[in-house]
Amino acid sequence: MVLVAGPAEAARPKHKVKTVVALGFDDGDSTHFKAAQILRSHGVRGTFYINSGDLDAKGKLTVGQVRTLVRQGHMIGGHTLHHVRLTDLTAIDQRVDICADRAALLKLKIPVTTFAYPFGANNGDSQHAARFCGYNAARTVGGLALGTCGYCAPVESARPAQLYSVRTYGSVNHDTTLTDLKKQVTAAERAGGGLLPVVIHKVCARVCGDYSTTEKLLDEFLTWLDTRKKHGTVVRPLESVIGGKVRPVPDESTWQEF
Ligand SMILES: [Zn+2]
């Protein structure tokens, strides 16, 4: 499957793009500012999923830092106001939270077109809410796996069948190795390519919690990914695959209507 390339890539394609590795950094952690600079040193961009209600809080990115990320070409996505488990909420409360978070980000002039479900937790109501609030796609956690599990796949489709439940491998965590990540990429390549979203939480100098990885591992992964271009593998934000315009968020008076 051939993915649509940007104008620069379209002009002189060296290798046909087959696999897009989309790095997603969840929760607006303050360590992501440094992680973004590591991406930048490799000439690639990622998506940073922000809880708008936690911006400027201790251990979180500041509004100024998020604006810098946007200026540097990174993408920002929504992740609810305060990282709520959506499946604990009623359909209406899910809609109010997702829409309020997106409205807050748009008000800061931060364009957001994709969403990530906190904890990956979602149901039909969450998916409807993400669409209603103007997102073009929403990412869950899970659904992709190596090996021969009956319902699992090694890579998401370049045109995900479920745009409001885009699949991933489990989050990168403290014991994920470079070999583990390479295996996911080569499995995607062997399957003919597609979209490979990677879920990352904290990125520290040394492991700093279960859901963390190191700056060194991120840097090594990007160095290795650069060698996969000849196999048609590139690193791009999820939005480059999903496409679509920045839709307005519906008027607040409609959020509680059914
Ligand atoms: Zn999260």
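**Exercise 1. The buried face of H3**

Which residues are buried in helix H3 (residues 63-71)? Name them in this predicted model, and state what the buried residues of H3 pack against.

*Solution.* Start with the burial of the individual residues: in helix H3, which spans residues 63-71, the buried residues are Val63, Val66, Thr68 and Leu69. Next, look at what lies opposite them, where the buried residues of H3 are found to pack against H2, strand S2 (47-50) and S3. A general point helps in reading such a list, since an α-helix has 3.6 residues a turn, so residues three or four places apart point the same way. Finally, follow the chain past the end of the helix: just after H3, Gly73 takes a positive phi of about 95°.

**Exercise 2. H2 beside H3**

Describe the packing of H2 and H3, giving the angle and axis distance, the handedness of the crossing and the residues in contact.

*Solution.* Begin with the geometry, for two packed helices are described by the angle between their axes and the distance between the axes. For H2 and H3, the axes come within 11 Å and cross at roughly 15°. Angles under 35 degrees count as roughly parallel, and H2 and H3 are therefore roughly parallel to each other. The handedness comes next, and H2 passes H3 in a left-handed crossing. The contact is formed by Phe33, Ala36 and Gln37 on the side of H2, and by Gln65, Thr68 and Leu69 on the side of H3. Sorted by class, the residues of this contact of H2 with H3 comprise three nonpolar, three polar and no charged. Of the H3 residues in this contact, Thr68 and Leu69 also appear among the buried residues of that helix.

**Exercise 3. H2 beside H7**

Carry out the analysis for helix H2 (residues 32-41) and helix H7 (residues 215-226), and classify the residues of their contact.

*Solution.* The axes of H2 and H7 are 10 Å apart, and the two helices pack at an angle of about 25°, which makes H2 roughly parallel to H7. The crossing of H2 and H7 is right-handed. H2 contributes Lys34, Ala35, Ile38 and Leu39 to the contact, while H7 contributes Glu215, Leu218, Asp219 and Leu222. The classification of the contact of H2 with H7 gives five nonpolar, no polar and three charged residues.

**Exercise 4. H4 beside H5**

Determine how H4 and helix H5 (residues 124-132) cross, and which residues make the contact.

*Solution.* The axes of H4 and H5 come within 9 Å, and they cross at roughly 35°. H4 passes H5 in a right-handed crossing. From H4, the contact takes in Ala91, Gln94, Arg95, Ile98 and Cys99, and from H5, Asp125, Ser126, Ala129, Ala130 and Phe132. By class, the residues of the contact of H4 with H5 are six nonpolar, two polar and two charged.

**Exercise 5. The zinc site**

Which residues coordinate the zinc ion, and where along the chain do Asp27 and His83 lie?

*Solution.* The zinc ion is coordinated by Asp27 through OD and by His79 and His83 through NE2, at 2.0 to 2.1 Å. Read along the chain, the donors of the zinc ion follow the spacing D-x51-H-x3-H. Asp27 and His83 link distant parts of the chain, 56 residues apart, with Asp27 in the loop between strand S1 (19-26) and H2, and His83 in the loop between strand S3 (75-78) and helix H4 (91-107). Asp27 is buried, as is His83, and the relative accessible area of Asp27 is 16%. The backbone of Asp27 also deserves a note, for its phi is near 90°, a positive value in a residue other than glycine.

**Exercise 6. Three residues and their surroundings**

Is each of Lys109, Gly134 and Thr19 buried or exposed? Add the location of each residue.

*Solution.* Lys109, in the loop between H4 and strand S4 (112-116), is exposed, with a relative accessible area of 69%; its phi is positive, about 65°, although Lys109 is not a glycine. Gly134 lies in the loop between H5 and strand S5 (137-143) and is buried, with a relative accessible area of 0%. Leaving aside neighbours within four places in sequence, Gly134 is in contact with Arg102, Arg247 and Pro248. Thr19 belongs to strand S1 and counts as buried at 0% relative accessibility. Not counting residues up to four places away in sequence, Thr19 touches Ala188, Glu189, Gly193, Gly194, Gly232, Thr233 and Val234.

Definitions and conventions:
Residues are numbered from 1 along each chain as its sequence is written. This is a predicted model: local features need pLDDT of at least 70, side-chain atom pairs count only at pLDDT 80 or more; totals for chains, interfaces and linings use all residues. Side-chain values use heavy atoms; hydrogens and water are left out. Axes are lines fitted to C-alpha atoms, for helices over the stretch in contact, and angles run from 0 to 180 degrees between N-to-C directions. Helices (H or I, at least four residues) and strands (E, at least two) are DSSP runs, numbered from the N terminus. Angles under 35 degrees count as roughly parallel, over 145 as roughly antiparallel, 65 to 115 as roughly perpendicular and the rest as oblique. A crossing is left-handed if the near helix is turned anticlockwise from the far one by less than a right angle, and right-handed if clockwise. Contact means heavy atoms within 4.5 Å. Ala, Val, Leu, Ile, Met, Phe, Trp, Tyr, Cys and Pro count as nonpolar, Asp, Glu, Lys and Arg as charged, and the others, Gly among them, as polar. Donors are N, O and S atoms within 2.8 Å of the metal (3.2 Å for Na, K and Ca); water is not among the atoms, so sites may look incomplete. Buried means under 20% relative accessible area, exposed over 50%, partly exposed in between (1.4 Å probe, protein chains only).
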